[in-house]
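Trainee: Could you take me through one part of this structure in detail? I would like a close look at the surroundings of the ligand, and at how the rest of the chain is arranged around that part.

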Amino acid sequence: MAITVGLIGFGRMGRCYLQTLQQDQRYRVTYICDPDEGCRTLASQLCPEAKVVAHEDAIMNALDVQVVVLCALCDSRPEQIRRALEAGKHVVTEKPLAPLIEQEWQAVEAAEKAEQERGLFATVNMYLLNSWYHHEMRRIIDSGELGELAIMRVCHMTPGLAPGEGHEAEGPSFHDCGMHYVCLTRFLAQSEYKTWHAQALRMWSWKDPWWLQVHGTMESGVVFDITQGFVYGQLSKNQTHNSYVELIGTQGFCHMTHDFKTAVINLHGVNTTECIEHPHGGKNIDILFAQMAESILDGHRQPDMPRLRDSAIASEYAWKFLDDARQHEMPAIGNLDELERIRERRRNLKDGYGILPRNNKNIT
Ligand SMILES: NC(=O)c1ccc[n+]([C@@H]2O[C@H](COP(=O)([O-])OP(=O)(O)OC[C@H]3O[C@@H](n4cnc5c(N)ncnc54)[C@H](O)[C@@H]3O)[C@@H](O)[C@H]2O)c1
C-alpha cells in the first residue's frame, strides 16, 4: 500500500515535489491544494488522479492523507504544521518554518512532541544536509586528511530571486537562501556559532540588503566566513554563479564547487590528492522522501533526516546575522531603475536562477 500524500502549495517547489513523488512507487499523491485557480488547473493536468482543492481543510480532514507536504510560503506554515500534526499526519515542510522565530520554535516543540508521543515524523527541506558532497567533506574532516579543521569558507552568489519579486514572507536573500549556508556551516563544524560580525550591502538601493558576508568563530574554535547574495551578474549577457565550500585544516585543505549539474571536491590531504566528481543532485528531494518513507515504514526516524530544529536554529542565526549587519554601515549602491530592468528581464526568462512561475495557467 502506497503512502498517501497531500501537497499544500503548487508553485515552483510544489511542482518539484509532485515530480519526485510521481517517480517514487512508495507514494501516491491524493490531494493538491492551492488558492490560485491557474495552479489548480495545472495540478489537475499533471496529476489527474489527485483531488485538487482551493483550501487546506480538505487535506487536514482527509483519511487518505498520511503525509502533508507544506510548500506554500512561510506565512501560512505555522498553522499548517500545527493542524497537520493534530490531525495525526507526518509532515514534510519547506523552510523557513514561520515568519517569526518564536513561531518556528513552537513548530519545533509541536513536532518533537508529536514524534515522542504519537510516532509522527516531521522533516524540513534543508537540502544541503542531504547533499553527497557535504557528507563527503565531513568524512574528509573525520579522516584526518586536513589535520585539524581550522577555517571554513562558504560562498553562494547567483543572479537569483530579485528583491520584491516574491518570497517576501521569507525575508531578505540572506534569510530566504542564506539560512541554508548557515545550517551547512554548523553541520560541517559540528559546532554552534560563538561570535560574528556581518557586513551587508543594499544593492540597487533596495530597502533590504541583498548581499551579506558574515565571519566569526564557532564554539569549537574554528573560524568561518559565509557570503551570500542574489547579486551576481543579474544583467550580464550570459549568467553564471559562484558557489563553493572550502575547508582548510592545519595540514591540508579541500575545496568543493558545482555548476548545479556536477559537484567536484578537490582534496589536498596529507596522504591523498584526489578529485571526487559526481552529479550534483539538485534539491535532493528524492533523498528527503526516501528518508521519510523509510521512517514511516520502519517506525523509527532515519538518523540523517533533517529535523525542524535544524531549520529553526539556522533561521534564528540568519536573522541574528542580518540584525548584526544593520548595526554597521550598510551602503546602498545602484538604483531602483536597474532593479526594474532586472525584474523585467527575469519576467521574460523561461529558464534561469530561481525563476518563479508567473502565469500559472500556462506553465507546463
Ligand atoms: N529548500 C529550498 O531549497 C527551497 C527552494 C526554493 C523555495 N523554497 C521555499 O519553498 C516555498 C515555496 O516557494 P516557491 O518558490 O515554490 O514559491 P511560489 O510562489 O512559486 O509558490 C507558492 C505557492 O503557494 C500557494 N499558496 C499561497 N498561500 C497558500 C495557502 N495558504 N495554501 C496553499 N497554497 C498557498 C501560492 O498560490 C503559490 O502557488 C517557500 O517557502 C520557499 O522559501 C525552498
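Mentor: Happy to; we will begin at the ligand and work outwards to the domains, the core and the whole chain. Please keep in mind that this is a predicted model.

The ligand is surrounded by 29 residues, and the closest of these are Gly9, Gly11, Met13, Ala72 and Glu94. By residue class, this shell divides into 13 nonpolar, 7 polar and 9 charged residues. If you look for the element that gives the most to the shell, go to helix H1, residues 12–22, which supplies 3 residues.

Where does the ligand sit with respect to the domains? The shell around the ligand takes residues from both domain 1 (3–124) and domain 2 (128–282 + 314–360), so the ligand lies between them. Notice that the assignment gives domain 2 in two segments, 128–282 and 314–360. Taken over C-alpha atoms, the centres of the two domains are separated by 27 Å.

The domains also touch each other: 14 residues of domain 1 are in contact with 11 residues of domain 2. On the domain 1 side, helix H2 (37–46) and helix H5 (101–118) each supply at least two of the touching residues. H2 has the largest share of that side, with 3 residues. The touching residues of domain 1 divide into 7 nonpolar, 2 polar and 5 charged.

Now for the nonpolar interior. The largest nonpolar core has 105 residues, and Leu7 and Val69 are the ones with the most contacts inside it. Helix H10 (residues 308–326) provides the largest share of this core, 10 residues. Like the ligand shell, this core receives residues from both domain 1 and domain 2, so the core too lies between them. To see one of its well-connected members up close, select Val69: leaving aside residues up to four places away in sequence, Val69 touches Val5, Leu7, Ile8, Tyr17 and Val92.

Finally, step back to the whole chain, which holds 11 helices and 15 strands. Buried residues account for 43% of its 364 residues. Of the contacts between residues at least 6 apart in sequence, 68% join residues at least 24 apart. Along its principal axes, the C-alpha trace spans about 55 × 50 × 40 Å. A compact globule of 364 residues would have a radius of gyration near 21 Å, and the chain's 21 Å agrees with that.

Key: Residues numbered from 1 in each chain as written. Predicted model: local features only at pLDDT ≥ 70, side-chain atom pairs only at ≥ 80, totals over all residues. Near = placed C-beta within 6 Å. Helix = DSSP H or I, 4+ residues; strand = E, 2+ residues; numbered from the N terminus. Nonpolar A, V, L, I, M, F, W, Y, C, P; charged D, E, K, R; others polar. Domains from an automatic or database assignment. Rg over C-alpha atoms; globule rule 2.2 N^0.38 Å. Buried ≥ 20, exposed ≤ 12 C-beta atoms within 10 Å, placed from the backbone. Contact = placed C-beta atoms within 7 Å. Core = buried A, V, L, I, M, F, W, Y, C linked by C-beta atoms within 7 Å.
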